[in-house]
Amino acid sequence: MKIKKMSRRIFLNMFIISTIVLLVSTLMTVGIVYTNFSRQSVKALESELSSIRNGVEMNGTDFLENLETKHRITLIAKDGTVIFDNEANPDTMENHKDRKEVKDAVNEGMGYSERYSETLSEKTINVAVSLEDGTILRVSENLSTVLFVVLEILLPMFVLLVTVIIFAAFLSFRTSRTITRPINNIDLVNPDKQKVYDEIEPLVDKIVEQNIQIAKQMEELKSEHEKQDNLRRDFTANVSHELKTPLTSISGFAEIIQNGIVKEEEDIRRFAGKIHKESQRLIILVGDIIKLSQLDGNDIAVKMEPIDLYESSEAVMSHLEDAAAKKNITMKLQGSHSVITGAEQIVEEMIFNLVDNAIKYNYDGGNVTVSIKRTEEGIELSVSDNGIGIPEEDQDRIFERFFRVDKSHSKDIGGTGLGLSIVKHGANFHNAKVSVKSRPGVGTTITILF
């Protein structure tokens, strides 16, 4: 449809331009021809005037009586009185003393003038010359005006114009079709397989380039879709496994109590404690899943406000003092008070998960350091430990949901496996960047750049 509109527009533009050029050319041609015709008429009058002048000066006014000519001949006295005229009675004619051609002939020896008659649509050309005796000899000719000439040839000119305009329309139509046909026939899938004229080669090259980009983007989207699909399946399987384990434990302990197998009150309290522990694990797991879901869809009602990262880190570390003390881990906070704008709840959750992991995956008697500093790129918050570290091949996957480096000890360490995933999503929520540096047996440093 757009190609048809373009073809129609090209046709109309070419046709309008051709018609305007044709009309202007016709008018200019008429004007030039008429001007040349007028000049030739003046020259013919001057030539005839010279001949008549010689005849009058040699033979007197009798020469005029017997002269046969198609032009008007007038002999005028010095005072402007008409002595002779071959087309009118001199006695009835007005004085010609004020006529331009007469005045110029008296003063300069030669005179010329043009007079227009609107009623007759004619132009009179007058050429006058002063004779030896002081009388003025004038030769005149009536010419049709340009408008009258055009009107006289209007019919044949109209026929010619219509013919030429139709021909111009035909050529414009053919040309517009010739221009747009290669564009209309371009194979958008393989545009470079066709032969096109040079002027649209840049368009074809652009289409080819865009096709390559689209194919690349489609491949990336397909790969991303497959990756997301795999993550979704893994997530579903992991959630099912993580939920099934504590539920199985709770169900087993409850069944033992229900069947009366446990008699002693101490055993009942022990099983109830295990049920409570597994229930808490479930609550924490469900809570983490809800947090991730909210962060995924930015569907979390939070207040964006100034947050002092130093103070937030200090508060988080105070909550984890007992967990650190159980493993004889020393925690240290260093840096300066640095303020960002963010959601305090999410920021503290991120810091908590990082410090909690640094404690869990550390050796007894290890160290955990939280550092806050301002750089040229922004404000950095880093959590370092001298714990077990992360193998290089696993460092790109630690932010995946439920991914654990050491699955055999995951139950002993605890946690839901969603902590670092929450950190990653929280960083995305704040337009921050997360980076990891780690060596097995040496320790790990995770940095968030706000």
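Throughout this tour, a residue is called buried when its relative accessible area is under 20%, exposed when that area is over 50%, and partly exposed in between, as computed with a 1.4 Å probe on protein chains only. The model is predicted, so local features need pLDDT of at least 70 and side-chain atom pairs count only at pLDDT 80 or more, while totals for chains, interfaces and linings use all residues. Residues are numbered from 1 along each chain as its sequence is written, and side-chain values use heavy atoms, with hydrogens and water left out.

**The whole chain**

Begin with the full chain in a cartoon view, where there are twelve helices and twelve strands; helices (H or I, at least four residues) and strands (E, at least two) are DSSP runs, numbered from the N terminus. Of the 450 residues, 35% count as buried. A contact here means heavy atoms within 4.5 Å, and among contacts with a separation of 6 or more, 60% join residues 24 or more positions apart.

**Two exposed loop residues**

Select Asn431, which sits in the loop between H12 and strand S11 (433-439) and counts as exposed at 72% relative accessibility. Its phi is near 55 degrees, a positive value in a residue other than glycine. Most residues other than glycine have a negative phi.

Go next to Thr92, in the loop between strand S2 (82-85) and helix H3 (100-108), where a relative accessibility of 63% makes Thr92 count as exposed. If you draw a line from its C-alpha atom to that of Val82, ten residues away along the chain, the separation is 9.2 Å.

**Neighbours in one loop**

Now select Asn328 and Ile329, which both belong to the loop between helix H9 (321-326) and S7. Which of them is buried and which is exposed? Asn328 counts as exposed, at 54% relative accessibility, whereas Ile329 is buried, with a relative accessible area of 8%. Asn328 also has a positive phi, near 55 degrees.

Show the surroundings of Ile329 and, leaving aside neighbours within four places in sequence, you will find Ile329 in contact with Ala324, Ile359, Asn362, Tyr363, Gly366, Asn367 and Val368. One of these, Ile359, is 30 residues from Ile329 in sequence, with 7.2 Å between the two C-alpha atoms.

**The nonpolar cores**

A nonpolar core is a set of buried Ala, Val, Leu, Ile, Met, Phe, Trp, Tyr and Cys residues joined through side-chain atoms within 4.5 Å. The largest one has 37 residues, and those with the most contacts inside it are Leu309, Val355, Ile359, Val368, Val383, Ile448 and Phe450. Among the elements that each supply at least two residues of this core are H8, strand S7 (330-335), strand S9 (367-374) and strand S12 (443-449), and the largest share, eight residues, comes from H10.

Centre the view on Ile448, which touches Met350, Leu354, Ile379, Glu380, Leu381, Val423, Ala432, Lys433 and Val434, not counting residues up to four places away in sequence. A second, separate core of 16 residues includes Val56, Leu131, Val139 and Leu143.

**Helix H10 and its two partners**

Colour helix H8 (residues 309-319) and helix H10 (residues 344-360), whose axes come within 9 Å and cross at roughly 55 degrees; the axes are lines fitted to C-alpha atoms, for helices over the stretch in contact, and angles run from 0 to 180 degrees between N-to-C directions. That makes H8 oblique to H10, since angles under 35 degrees count as roughly parallel, over 145 as roughly antiparallel, 65 to 115 as roughly perpendicular and the rest as oblique. Leu309, Ser312, Ser313 and Val316 in H8 meet Val347, Glu348, Ile351 and Phe352 in H10.

Add H12 to the selection: H10 and H12 pack at an angle of about 145 degrees, with their axes 9 Å apart. On the H10 side the meeting residues include Ile346, Glu349, Met350 and Asn353, and on the H12 side they include Gly419, Leu420, Ile422 and Val423.

**Ending at H12**

How many of the eleven residues of H12 are buried? Eight are, so H12 is largely enclosed by the rest of the structure. To see them, select Gly419, Leu420, Ser421, Ile422, Val423, His425, Gly426 and Ala427. Following H12 along the chain brings you back to Asn431, with its positive phi near 55 degrees.
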